[in-house]
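User: Please take a close look at the aromatic side chains in this model, and then follow the charged side chains that pair with one another or sit over rings. I would like one connected account.

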Amino acid sequence: MKLTRIELHWVRLPLVAPFQTSFGTEHDREALLVKAVTPDAVGWGECVAMPEPGYSAEYVDGAADALVRFLIPAVGALPTVTAATVGHALTAVKGHPMAKAALEIAILDAQLRQAHMPLAEYLGAVRPAVPAGVSVGIMASIPELLDAVDGYLAAGYQRIKLKIQPGWDVAPVRAVREHVGDAVAVQVDANGAYTVTDAAHLAKLDPFDLLMIEQPLAEDDLRGHAALARRLRTPICLDESVTSPVRAVEAIESGAAAIINIKPGRVGGYLQARRIHDVCAAHGVPVWVGGMVETGIGRAANVALAALPNFTLVGDVSASDRFFARDITPPVVMRDGWIEVPTGPGIGVEPDEAALKEASLRSTGIDL
């Protein structure tokens, strides 16, 4: 496959409601889309970096700079391109996994469209649909939180994830568990907001029969997570800490993680995500697909990934209307708590031109 052009499109979509986590509040989703053009097909990818380096060191404009100055030229220098060769070509550039992931999936989308193969089939999916889970941000009050949870359960979501931080943890979690009863699957996500000295406090979450507590400590603190795991009955899941198959093995063998959240952008792409999935399966550790408030481009690809066999836990795979009144693609739809895996070639969706134009901030293109 020969690449002829790469385009970057900056878009901004307003959220249906503010989404607050321990590292900030989002009112809209500013995303960077990558379009890969070949003589025979066009592919799309989404960079999940945020406008500011809160979740990770990457941010939207930094990712764009890395793409324009280093990553796209590295791929453009290849005589022919496949998704399998992209990762090797980019190894000379350190870091920037979200930028690399966006470029890789755009190229893979074009490659699979040319081959008339769905992404799910290429990755090894085994299910035609995946269960939908929802992430609920930090709210102004517990009654507001309970109203939001009621709405998501009424809509059909099969699992509730609650964002927590110091000062917003035990009381809201207790309120939700008492409100929804024992039959509803509930887990919490701290985004690294605590330290190991908070172990006794976090142990107060144990009575609420949570599926897991996700990333309670800083991303580089595997030893602290392992120590915390010995103090809690609630299983620990790692997110930000796991960036590669090697890191996944370290987390598992050290006792720092009983569960792993796989976000393709965080680990450098969908092919790397599949490798981590396979490593975790070999160690008997379940995984699930995390979300980054993606547009339909990233959301459709995540649904395909979530259909692999070891994604046995409900992920942050929600419908488009969880975040957007109007997505830039035809909406990802949930029916009876399930989202169908796209069956069209590539990621199975592409931007609606009118919606893309409405959300567009600016764009640039590089001829190769």
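**Aromatic pairs and charged contacts**

Analyst: In this predicted model, the count of aromatic pairs comes to four. One of them joins Phe23 and Tyr55, whose ring centres are 6.1 Å apart with the planes at 55°, so the pair is tilted, since an angle that is neither under 30 nor over 60 degrees falls in that class. Phe23 belongs to the loop between strand E1 (5-21) and strand E2 (24-37), while Tyr55 belongs to the loop between strand E3 (42-47) and helix H1 (60-76), so this pair ties together parts that are 32 residues apart in sequence. Phe23 is partly exposed, at a relative accessible area of 29%, whereas Tyr55 is buried, at 6%.

Another tilted pair is formed by Phe323 and Phe324, with 6.3 Å from centre to centre and 50° between the planes. Both of these residues are buried, and together with Phe19 they form one aromatic cluster. A charge also meets this cluster, for the charged end of Arg322 sits over the ring of Phe323 at 4.1 Å from its centre. Elsewhere, Arg159 lies over the face of Trp288, 5.5 Å from the ring centre, and Arg159 is also linked with Lys161, Lys163, Asp189, Glu214 and Asp316 in a network of salt bridges.

Turning to the salt bridges, the count comes to 19. Among them, Asp109 and Arg113 meet with an N to O distance of 3.0 Å; the two residues are four apart in helix H3 (residues 97-115), and are therefore separated by about one helical turn. Asp109 counts as buried at 1% relative accessibility, and Arg113 is likewise buried, with a relative accessible area of 16%.

A second example is the salt bridge of Asp239 with Lys263, in which the closest N and O atoms are 2.9 Å apart. Asp239 lies in the loop between strand E9 (236-238) and helix H9 (245-253), and Lys263 in the loop between strand E10 (259-262) and helix H10 (264-267), so the bridge ties together parts that are 24 residues apart in sequence. Asp239 and Lys263 are both buried.

In the salt bridge between Arg326 and Asp352, the closest N and O atoms are 3.7 Å apart. Arg326 is in the loop between helix H12 (296-306) and strand E12 (338-340), and Asp352 is in the loop between E12 and helix H13 (353-359), so parts that are 26 residues apart in sequence are tied together by the pair. Here Arg326 is partly exposed, with a relative accessible area of 40%, and Asp352 is partly exposed as well, at 34%.

Definitions and conventions: Residues numbered from 1 in each chain as written. Predicted model: local features only at pLDDT ≥ 70, side-chain atom pairs only at ≥ 80, totals over all residues. Heavy atoms only, no water. Salt bridge = Lys/Arg side-chain N within 4 Å of Asp/Glu carboxyl O. Buried < 20%, exposed > 50% of the residue type's maximum accessible area, 1.4 Å probe, protein only. Phe/Tyr/Trp six-rings, centres within 6.5 Å; stacked < 30°, edge-to-face > 60°. Lys NZ or Arg CZ within 6 Å of the ring centre and 35° of its normal.
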